Amino acid sequence: MRLGVFLPNWVGDVVMATPALRALRTLAGDGEMIGVMRPYVAEVLAGSEWFDETLIYAKGQGDPTTALR
């Protein structure tokens, strides 16, 4: 299973989403879990082991979903 998770744009919302991220990681098991997030959100989640891969995107860089295909 390959799971792409789009994180909220606000730091506080990402912090509030951490229990859901933990649960998704548990459900994904050995599957690949990819976090798609803004650069400043990545700093908040630095050091977490929930994602196998992190995709960083900023405004004007195109559609971030193309990297998941």
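Helices (H or I, at least four residues) and strands (E, at least two) are DSSP runs, numbered from the N terminus. The model shown in these figures is predicted.

**Figure 1. The whole chain, with two helices and three strands.** Read from the N terminus, the elements follow the order β-α-β-α-β. The chain has 69 residues, and 33% of them count as buried. Now take the contacts between residues with a separation of 6 or more. Of these, 54% join residues 24 or more positions apart. The accessible surface of the chain is about 4500 Å². Carbon and sulfur atoms account for 56% of that surface.

**Figure 2. Close-up of arginine 38, in the loop between strand 2 and helix 2.** Is arginine 38 buried or exposed? Its relative accessibility is 11%, and buried means under 20%, so arginine 38 counts as buried. Its side chain makes a polar contact with the side chain of asparagine 9, at 3.2 Å. Now set aside the neighbours within four places in sequence. Arginine 38 is then in contact with Asn9, Ile56, Tyr57, Ala58 and Lys59. Asn9 therefore appears twice here: as a contact of arginine 38 and as its polar partner.

**Figure 3. Close-up of the salt bridge between arginine 2 and glutamate 32.** Side chains of opposite charge can pair when their charged atoms come close. How many salt bridges does the structure hold? It holds two. In this one, the N to O distance is 3.4 Å. Arginine 2 belongs to strand 1 (residues 2–6), and glutamate 32 belongs to strand 2 (residues 32–37). The pair therefore ties together parts that are 30 residues apart in sequence. Both partners are partly exposed: arginine 2 has 47% relative accessibility, and glutamate 32 has 28%.

**Figure 4. Close-up of arginine 25 and its salt bridge with aspartate 52.** The closest N and O atoms of the two residues are 3.0 Å apart. Where do the two partners sit? Arginine 25 is in helix 1 (residues 11–28), and aspartate 52 is in the loop between helix 2 (39–44) and strand 3 (53–56). The pair links distant parts of the chain, 27 residues apart. Arginine 25 has 15% relative accessibility, which puts it among the buried residues. Its side chain also reaches the backbone oxygen of glycine 29, at 2.9 Å. Neighbours within four places in sequence are left aside in the next list. Arginine 25 is in contact with Gly31, Met33, Glu49, Trp50 and Asp52.

**Figure 5. Close-up of the largest nonpolar core, which has 11 residues.** Which residues make up this core? They are Val5, Leu7, Val14, Leu21, Met33, Met37, Val41, Ala42, Leu45, Trp50 and Phe51. Helix 1, strand 2 and helix 2 each supply at least two of them. Start with valine 5. Its contacts beyond four places in sequence are Leu21, Leu24, Met33, Ile34, Gly35, Val36 and Phe51. Several of these are core members too, including Leu21, Met33 and Phe51.

**Figure 6. Close-up of leucine 45, in the loop between helix 2 and strand 3.** Leucine 45 is one of the core residues. It counts as buried, at 7% relative accessibility. What does leucine 45 touch, apart from residues up to four places away in sequence? It touches Leu7, Val14, Thr18, Leu21, Met37, Trp50 and Phe51. Look also at valine 11. Leucine 45 and valine 11 are 34 residues apart in sequence, and their C-alpha atoms are 9.7 Å apart in space.

**Figure 7. Close-up of a nonpolar patch on the surface.** Which residues form this patch? They are Val11, Val15, Tyr40 and Val44. Together they have about 310 Å² of accessible area. Helix 1 and helix 2 are the elements that give two or more residues to the patch. Take valine 15 as one of its members. Valine 15 sits in helix 1. At 42% relative accessibility, valine 15 counts as partly exposed. Patch residues must have over 30% relative accessible area, so valine 15 passes that cut-off.

Technical notes
Residues are numbered from 1 along each chain as its sequence is written. This is a predicted model: local features need pLDDT of at least 70, side-chain atom pairs count only at pLDDT 80 or more; totals for chains, interfaces and linings use all residues. Side-chain values use heavy atoms; hydrogens and water are left out. A salt bridge is a side-chain nitrogen of Lys or Arg within 4 Å of a carboxyl oxygen of Asp or Glu. Buried means under 20% relative accessible area, exposed over 50%, partly exposed in between (1.4 Å probe, protein chains only). Contact means heavy atoms within 4.5 Å. Accessible areas come from the Shrake-Rupley method with a 1.4 Å probe; for residues, only the protein chains shown count as cover. Patches are made of residues with over 30% relative accessible area and no salt bridge: like charges are joined within 9 Å, nonpolar side chains (Val, Leu, Ile, Met, Phe, Trp, Tyr) within 5 Å. A polar contact is a pair of N or O atoms within 3.5 Å; within protein, one must be able to donate a hydrogen and the other to accept it, and residues adjacent in sequence count only if both atoms are side-chain atoms. A nonpolar core is a set of buried Ala, Val, Leu, Ile, Met, Phe, Trp, Tyr and Cys residues joined through side-chain atoms within 4.5 Å.
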